[in-house]
Amino acid sequence: MAEIPALPTHLTLEIVTPDRSLVTEKVDEVEIPGAEGYFGVLPGHTPLLATLQVGELWFRKGNEKFYLSIAFGFAEVLPDRVTILAEVAELPDDIDVARAEAAKRRAEERIAKPTVDVDFERARMALMKSLVRLQVSTRARSRV
Ligand code: ATP
């Protein structure tokens with residue numbers, strides 16, 4: 001009789017940007033900001049490839065959740081492994097709050113007073129990135 005492979009009990013999570021590796025961890029669960037919406041991954045998930053939007057990614061190890069801000073890129077999900085190739089990503093400690101607040105103000109001004117020079121979509125993305133960074137920076141390790 002053919003042996004049924006055991007379901008994986010953990011996920012190996014790898015998060016990299018073109019510049020650096022941010023996370024290599026064995027985790028229990030990941031939530032990913034996919035272009036089609038946020039989706040959760042548990043061990044044994046069906047393989048898939050997804051594009052990423054601007055958003056918050058979290059992963060859980062036991063009872064603790066850890067957050068990152070992510071902007072664009074790709075996610076590869078396998079039953080025992082999640083690889084995030086992000087264009088841009090920051091851990092909470094990387095985030096310069098004053099810089100994110102300045103980016104938020106700039107984007108809000110551009111959106112509030114559009115001129116012919118303003119690329120509205122670019123301003124909207126800048127606003128989303130700044131809001132996600134501000135949110136992630138306030139997240140200490142939180143209990144589930
Ligand atoms: P800004 O307008 O402040 O430059 P941005 O959204 O245009 O922000 P990105 O193009 O998304 O910046 O990122 C460029 C680089 O700067 C990336 O390495 C990113 O991690 C980093 N970065 C951007 N904003 C911040 C921030 N508030 N704190 C820490 N690093 C940041």
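A residue is called buried when its relative accessible area is under 20%, exposed when it is over 50%, and partly exposed in between (1.4 Å probe, protein chains only). Helices (H or I, at least four residues) and strands (E, at least two) are DSSP runs, numbered from the N terminus.

The exercises concern a predicted model, in which local features need pLDDT of at least 70 and side-chain atom pairs count only at pLDDT 80 or more, while totals for chains, interfaces and linings use all residues. Residues are numbered from 1 along each chain as its sequence is written, and side-chain values use heavy atoms, with hydrogens and water left out.

**Exercise 1. State how many helices and strands the protein has, and in what order they run.**

Solution. The secondary structure comprises 2 helices and 9 strands. Read from the N terminus, the order is β-β-β-β-β-β-β-β-α-α-β. The C-alpha trace spans about 70 × 30 × 25 Å along its principal axes. Of the 144 residues, 33% are buried.

**Exercise 2. Determine whether strand 6 is enclosed or open, and identify the strands with which it pairs.**

Solution. Begin with burial: 6 of the 7 residues of strand 6 are buried, so this strand is largely enclosed by the rest of the structure.

Next, consider pairing, which requires that DSSP find at least two bridges between two strands. Strand 3 and strand 6 run antiparallel and are joined by 3 bridges; Val30 has Phe59 of strand 6 as its bridge partner. Strand 6 also pairs with strand 7 (residues 64-78), again in the antiparallel sense, over 7 bridges. Here Arg60 stands opposite Lys65 of strand 7.

Finally, examine the hairpin of strand 6 and strand 7. There are 2 residues between the strands, and Gly62 takes a positive phi near 60 degrees.

**Exercise 3. Describe the salt bridges of Glu29, Glu14 and Glu108, and place each pair in the secondary structure.**

Solution. A salt bridge is a side-chain nitrogen of Lys or Arg within 4 Å of a carboxyl oxygen of Asp or Glu. The whole structure contains 8 of them.

Step one: Glu29 bridges to Arg60, with the closest N and O atoms 2.8 Å apart. Because Glu29 lies in strand 3 (residues 29-34) and Arg60 in strand 6 (residues 55-61), the pair ties together parts that are 31 residues apart in sequence. Arg60 has 18% relative accessibility and therefore counts as buried.

Step two: Glu14 meets Arg81 at 4.0 Å, N to O. Glu14 belongs to strand 1 (residues 11-16) and Arg81 to strand 8 (residues 81-90), so this pair links parts 67 residues apart in sequence. Glu14 is partly exposed at 23%, and Arg81 is partly exposed at 34%.

Step three: the Glu108 and Lys104 side chains meet at 3.3 Å, N to O. Both residues lie in helix 1 (residues 97-112), 4 residues apart, or about one turn of the helix. Glu108 is partly exposed at 34% relative accessibility, as is Lys104 at 24%.

**Exercise 4. Identify the residues that gather in the patch of positive charge, and the element that gives the most to it.**

Solution. Patch residues have over 30% relative accessible area and no salt bridge, and like charges are joined within 9 Å. Lys and Arg count as positive, the place of a charge being NZ of Lys or CZ of Arg. Accessible areas come from the Shrake-Rupley method with a 1.4 Å probe.

The surface patch consists of Arg99, Arg105, Arg106, Arg110 and Arg122. Helix 1 gives the most to it, with 4 residues. Arg99 lies in helix 1 and is exposed, with a relative accessible area of 66%.

Note on methods
Patches are made of residues with over 30% relative accessible area and no salt bridge: like charges are joined within 9 Å, nonpolar side chains (Val, Leu, Ile, Met, Phe, Trp, Tyr) within 5 Å.
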